[in-house]
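Biologist: I'd like a close look at one small part of this model, and then a walk outward from there. Could you keep it friendly for a first-year student?

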Amino acid sequence: MQDLADFAVKYLGKNGASYAEAKYQEIESNSFLVKNGSLDITSFDVIKGVGIRFILNKRLGFLSTNLLDKAKLIKQLKDSIKMCNKTKTYEDVEFSDEKTNKANYKVIQKIKFNSISPEEKIKVLMNAEKEMRSADAKVESTYMSLNDLDTKSYYVNSDGSKIKSSIPSCEFVYVIGIREGNKTSQRYSQLGATGGFEVIKNFNIPLRLKNEIEAMKNNLKNGKKPPTGIIDAVLGPEVTGIIAHESGGHPYEADRIFGREAAQAGESFVSKEMIGRKLGSEAVNVVDDPTLEGSFGFYLYDDEGVKARRKFILKNGVINEFLHNRQTAKIMGLKSNGSSRSNAFDKEPLIRMSNTFFLPGEYTEEELIEDVKLGVYIKNFMEWNIDDKRINQKYVGSESYLIEKGEIKHPIIAPKIETTTFKLYPSIDGCGKNLEFNGGSCGKSEPMQGIPVLLGGPSIRVRGLKVS
Amino acid sequence: MELPKYIINELKKKGADDVVISSSKSYTKQVRFSNNEINLNLSYSFDVFNIFASLKQRIISTSLRDLSKKAADLTIKKILASAKNLPKNEDYKGIANGKFKYTNIEDNYDKNIDNVNPIDIVEEAISLSINKGVLKCAGVLFATKSEDKIFTSNDIIGEDKKTHYYFSIRSMNSKDASGHSNAVSNVLSKLDYRNSAEESAEISKMSLNPKESPDGKFDVIFSPLAFAPLLKHTGDSASIYSIESGFSFFPKKLNERVANTNVNLIDDGTYRNGSGSSRYDDEGHPRQRTTVVENGILKSFLHNTSSAIRYKTKSTGNAGLISPDPTNFILMPGKLTKDDMIKNVKNGILITNIWYTRFNNYLTGEFSTIPRDGTFLIKNGEILYPINRLRVSDSLQRIYKNIIGLGKELKQIESWEAESPTVLPYVFVKDVNITKPK
């Protein structure tokens, strides 16, 4: 069926397109959903289809289908071409010139997903349920989903790039709740990685969830009100990761900067003139790196055939680089840095993050804490949000503690940090040596595209934040 | 027709208790625009053929892409092999059984959809917005037609066809001044995209030069677009599956007060021209109208056949085969106009859109969300000036109990933030907690 992708690119070339690309995919998936210890449903599927994008008279078109039939595809191609010709108010689209690439790469599964029976995969979830229920806490509800995917792609474009890839991955999502008297607490989290069944083993799901339940119980039972006012905070990697993603990554997506996402995920406080502008302290270094082996956001070539690389977004607090596709790179007179992705063949490729994180620093977490007179230590979070220009942001701690005279004291319940990017980034005065990641599904565009990403970083210390 | 029957018979012969086969053919045209220009046109053509099977309470779902007998046999084999050693889902109690009559939904299909050029609509909307004095606008238009069929092992056969239009426009006059409005309809003649273009432009112009928001308790008027994400979550919370999995603020509240007496919530899968309307649900049970909250009292959850059996009640026609889902979730209207509400506000805020709603605890309904686009401070019955950089930090339980007024006109909303259909008026809530960053 790769022939269909090759055919579409040739057909569009013959019909006047100055550029065409096609992505054929076969996505094999297995998923398991366990609610309150009961296996609700097991699903398996194989999805096949092709997505095609082209430039004709500087106008951009996209089509996708799972009807792998040449005659039907020609009809759809003709309709798309006609739409490009009809239009008066159409943006002129040009792509940056890029090196053509021919590649064939795959992520190795040390333990192949299809060598593991459904029962064994389900056992991981059932063991986690058992561990949670064995903890000394009243577990109110549990909801877990485990998915493995094997995505085989064939990408071809009219410049001559041809890239084959095979990327197996898995994700684990949980939402758990406990009760202590008349108080309740909930936790949501997501893990994701590329690789085989060995990565699920590495997630250590049963132990992780038992620890979660115990920390939640300790917080509900012994937690006190958080201190309020302008104080210091030490934030664990899960919190640092969401900050990196929301205000260290999103504002620097060039399509947002140029207004293309205005009606969906929004624009950005950043403008194209801000490259080189100081935004954060010297301790702030944020990168987006799709080439991290085993990562949830892993790829070596993006969905425009451009070789992937690490992008240094914020360097010592200075805005260094935006995330580009070939369209925004052309507008800024640059080369693409390989940030174009679609979550599957059926959606248009967009500028997306991959694995976005603060680089670690030189302190141990203890050293970050020992220099705080009064503050909060927030290990992880539940509620968060940020405005669509990526300025006004809030994080509500889950497992959290008071810091007094450089020492961790009692748990505190739901400390809230409500701040702005302009206040937060200059106030980061130290980064830990540790580096941890969480999985995420980042949403953008219409129709919504949730795409696998990692969010990460070390523990960081922030001075003078509003805490309530 | 032959293949679904074949698959059902084969699976039944080999031990399946229940089988549901649903197929859908859809074709969507989309136009995406920003900076007053069309960015690209898109089309999507998809056929799906889904299989759900229960083998002694072992539940499997999959799909078939190749509609040959050979591919069907392979899939049947895989279903049987997969189900063999799975643990039982003790909660599963079966699918709909009965001789159902389906009624047609009014305004559900636009015969002319193939001749509609979405680009013409978008170009007209862009012109309307610019003519109203807007600097730039962005948005999207979708036009979809679909044909669905269902076959079940209880001899249920259903067919449905539908068209749907979704239009969204955000107009902007500066980085800090914008307005957003959406229009949805199953038939083009009722798609009020012109009004959306003009409304988004009006809000955008009004929101120029915003001042920093105050914080504290305020009486808040939510536009339909602004309250829709909260109503969408409320609809989700009414599903019995959300109750069981800890995603709802309604647990153990049946027949108790969950809202002020003026609040009536209905799920209506037969709503005329409703985005979420259809003749039958995912197990072939007819769609229906269900009162969820009556005069502030929680009256019913949303059920499929299986959950209804467990709770000794009747299906509300909301299957989802595992999780019952809302269809068109409606907050019934009151008697006020938007101007009546504004006149009654001493110290309040008008919010025209929200985004990034996230919960700290689904059971208590504690959440925060961020007003986006035109947001206005109201003092002594008059809009004073636009404000920004604020956040609604409250709980849904409190908000529903503090609804003191409802608009008299209903608007159907789908949006980026509220993807499933809601129908609602302006909503007037007292003492809403507003916070802001420092």
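Biologist: Here is where I'd start: how many residues lie between strand 10 and strand 11 of chain B in their hairpin, and which residue in the turn has a positive phi?

Modeller: Keep in mind that this is a predicted model. Two residues sit between strand 10 and strand 11 of chain B, and the one with the positive phi is N295(B), at about 45°. Now let's look at the two arms of that hairpin. Strand 10 of chain B covers residues 289–294, and strand 11 of chain B is just residues 297–298. The two strands run antiparallel, with two bridges between them. You can find one of the pairs right beside the turn: E294(B) has I297(B) as its bridge partner.

Strands can join up with neighbours on both sides, so let's follow the chain of partners. Strand 10 of chain B also pairs with strand 9 of chain B, residues 265–268. That pairing is antiparallel too, and four bridges hold the place. Look for L265(B) in strand 9, which is matched with V293(B) in strand 10. Now stay on L265(B) and look to its other side: there it stands opposite L331(B) in strand 12 of chain B. Strand 12 of chain B spans residues 329–331, and three bridges link it to strand 9 in the antiparallel sense.

What keeps such neighbours together? Strands of a sheet pair through backbone hydrogen bonds, either parallel or antiparallel.

Step back, and the hairpin turns out to belong to an open sheet of six strands in chain B. Read across, the order is 11-10-9-12-21-20, and the pairing is mixed. Strand 11, one arm of our hairpin, is an edge strand, and so is strand 20 of chain B (411–413), meaning that each of them pairs on one side only. A helix packs on this sheet as well: helix 5 of chain B, residues 224–238, touches strands 9, 10, 12, 20 and 21 of chain B. Its direction makes about 125° with that of strand 21 (422–424).

Now hop over to chain A, where there is another hairpin to look at. Strand 10 and strand 11 of chain A form it, with two residues in between, and N316(A) in the turn has a positive phi of about 50°. Two bridges pair these strands in the antiparallel sense, and K315(A) stands opposite V318(A). Strand 10 of chain A is joined to strand 9 of chain A by three bridges, again antiparallel; one pair to look for is V287(A) with F312(A).

These strands sit in an open six-stranded sheet of chain A with the order 11-10-9-14-23-22 and mixed pairing. Its edge strands are strand 11 (318–319) and strand 22 (436–444), each pairing on one side only. Further in, strand 14 (residues 355–358) and strand 23 (residues 449–457) of chain A run parallel, with three bridges between them. On that seam, T356(A) faces L455(A).

Helix 6 of chain A, residues 237–248, lies across strands 9, 10, 14, 22 and 23 of chain A, at about 125° to strand 23. This helix has 12 residues, yet its end C-alpha atoms are only 14 Å apart, short of the 16 Å a straight helix would reach at 1.5 Å a residue. All the same, 12 of its 12 residues are buried, so helix 6 of chain A is largely enclosed by the rest of the structure. Among them are E238(A), H245(A) and E246(A).

For one more buried spot, try T328(A) in helix 8 of chain A, residues 326–331. T328(A) counts as buried because its relative accessibility is 4%, where the cut-off is under 20%. Beyond its neighbours within four places in sequence, T328(A) is in contact with A254(A), D255(A), F258(A), L323(A) and I351(A).

Last, zoom right out on chain A. There are 10 helices and 24 strands in it, and 65% of its 468 residues are buried. Its C-alpha trace spans about 70 × 55 × 35 Å along the principal axes. Its radius of gyration is 24 Å, which agrees with the value near 23 Å for a compact globule with 468 residues.

Conventions:
Residues numbered from 1 in each chain as written. Chains lettered and ligands numbered in written order. Predicted model: local features only at pLDDT ≥ 70, side-chain atom pairs only at ≥ 80, totals over all residues. Heavy atoms only, no water. Pairing = 2+ DSSP bridges. Contact = heavy atoms within 4.5 Å. Axes fitted to C-alpha atoms, helices over the stretch in contact; angles between N-to-C directions. Expected span 1.5 Å × (residues − 1). Buried < 20%, exposed > 50% of the residue type's maximum accessible area, 1.4 Å probe, protein only. Rg over C-alpha atoms; globule rule 2.2 N^0.38 Å.
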